[in-house]
Amino acid sequence: MSNINNSTAQACNITYNLGVMPLVSVYSLVFIIGVPANLLTLCLSVLKIWRKNVLSVYLFTLSLSDLVYLGTIPQWIIYVKNQNRWTQSNTACQLTGFIFFNNLYISILLLCCISVDRCLVVLHPIEARWRRCRTTAVMVCIGIWLLVMVTHLPVFFLSGVKSSQAKNDSCFETFPMPLLVAKFNYARFCVGFCIPLLIMAITNLMIFRRIQDSLCLNSREKTKVKYLAIAVIVIFLVCFAPYHIILLSRAIVFSLYKDSCWFEQKIYMASTGFLCLCTVNSATNPILYMFSCESVRQELLRDLQCIRNSPTISRNSTVFSRNRSESCSLRNGQILGSSVIRMEHVTSENCPGID
């Protein structure tokens, strides 16, 4: 199958030298911003995990996945500057592409898990505090890694991913696409994009409605929560929707036409641009989920000051610090018997500003 695809690909006559500088610029910015941001997120998440913060398990895994992918960006920059000519081994091509696509769907599923986790806590804050634990979050993250990796193994290691096209050895760019990849793209669009998007839309809508009905938040706090909830969906759509629409369109045209080279030629520049756009998510994840809430910035300053000034902390001060660091502007009132339990602080997992 690989040889047939390669011989057909030569007739596609894809031009690779267009848009090199914009792509290199975007990859470079993502690398420059994403590496330190994710490293900082990783360190902060470790501190919060040590304080039994469940949400930080997902944030830690998300940053770890992004860092693994960011380590391959220099390879993609060289690849683009060489006009999509892969100068390394076929194994290196497989590994680099495998890391990219794994990070893509690990990020999507983790963002989905974060939205679900936050929704459960906001809607059921009392029950969630007792039922959620770090062990469950760790198992979920491990399951996501294994699921995504095992799912992608057949496609990237059983189909031709490195092809010779007009003396241009490309990586993961077979035109037209192999039959196995075309079939897999339908599943990627439905399961890897549409279902997570639906879940994120529903959970964030439920969070928004709960916040709007709250009598404990002022208009400014409600507006902030509203815009941050919208930002989650917007960033998800901007980073992932264009690429998956291209995937679906390529698969449809491949299924309908015997020769789809004409379509591949027309959308190639858009396809490479949207593929590059997916990488922007690796730089925006830490900014959106770790620094959009004021309490997180205050917590970071407290942690740094605590590490610098107080190497040893008593048990009582640790508990007090944890309660303060997990505080957020969201407050809920709930009647229990004749008493009103007013949660002046909900754990940072509940904070829509973080998520």
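Here are legends for four close-up views of this predicted model.

**View 1. Helix α5, end to end.** Helix α5 takes in residues 90-123. With 34 residues at 1.5 Å each, the helix ought to span 50 Å, and its end C-alpha atoms do sit 50 Å apart, so expectation and model agree. Most of α5 is covered, with 26 of the 34 residues buried.

**View 2. The largest nonpolar core.** This core counts 55 residues, and the members touching the most others are Tyr27, Tyr58, Phe236 and Phe240. Plenty of helices chip in: at least two residues each come from α2 (20-50), α3 (55-70), α4 (73-81), α5, α7 (134-158), α8 (179-213), α9 (219-256) and α10 (261-290). The biggest share belongs to α5, which brings 13 residues.

**View 3. Around Tyr27.** Zooming in on one of those well-connected core members, Tyr27, what does it touch once neighbours within four places in sequence are left aside? Its contacts are Tyr69, Ile73, Trp76, Ile77, Val80, Cys276 and Thr279.

**View 4. Phe189, Phe193 and their aromatic company.** The whole structure holds ten aromatic pairs. One of them joins Phe189 and Phe193, with ring centres 5.8 Å apart and planes at 35°, a tilted arrangement. Both residues belong to helix α8, where four residues, about one turn, separate Phe189 from Phe193. An α-helix has 3.6 residues a turn, so residues three or four places apart point the same way. Are these two rings' residues, Phe189 and Phe193, buried or exposed? Both are buried. Together with Phe236 and Phe240, they make up one aromatic cluster; Phe236 and Phe240 also turn up among the core residues that touch the most other members.

Technical notes. Residues are numbered from 1 along each chain as its sequence is written. This is a predicted model: local features need pLDDT of at least 70, side-chain atom pairs count only at pLDDT 80 or more; totals for chains, interfaces and linings use all residues. Side-chain values use heavy atoms; hydrogens and water are left out. The expected span of a helix is 1.5 Å times one less than its number of residues. Buried means under 20% relative accessible area, exposed over 50%, partly exposed in between (1.4 Å probe, protein chains only). A nonpolar core is a set of buried Ala, Val, Leu, Ile, Met, Phe, Trp, Tyr and Cys residues joined through side-chain atoms within 4.5 Å. Contact means heavy atoms within 4.5 Å. Rings of Phe, Tyr and Trp (its six-membered ring) pair if their centres lie within 6.5 Å; planes under 30 degrees apart count as stacked, over 60 as edge-to-face and the rest as tilted.
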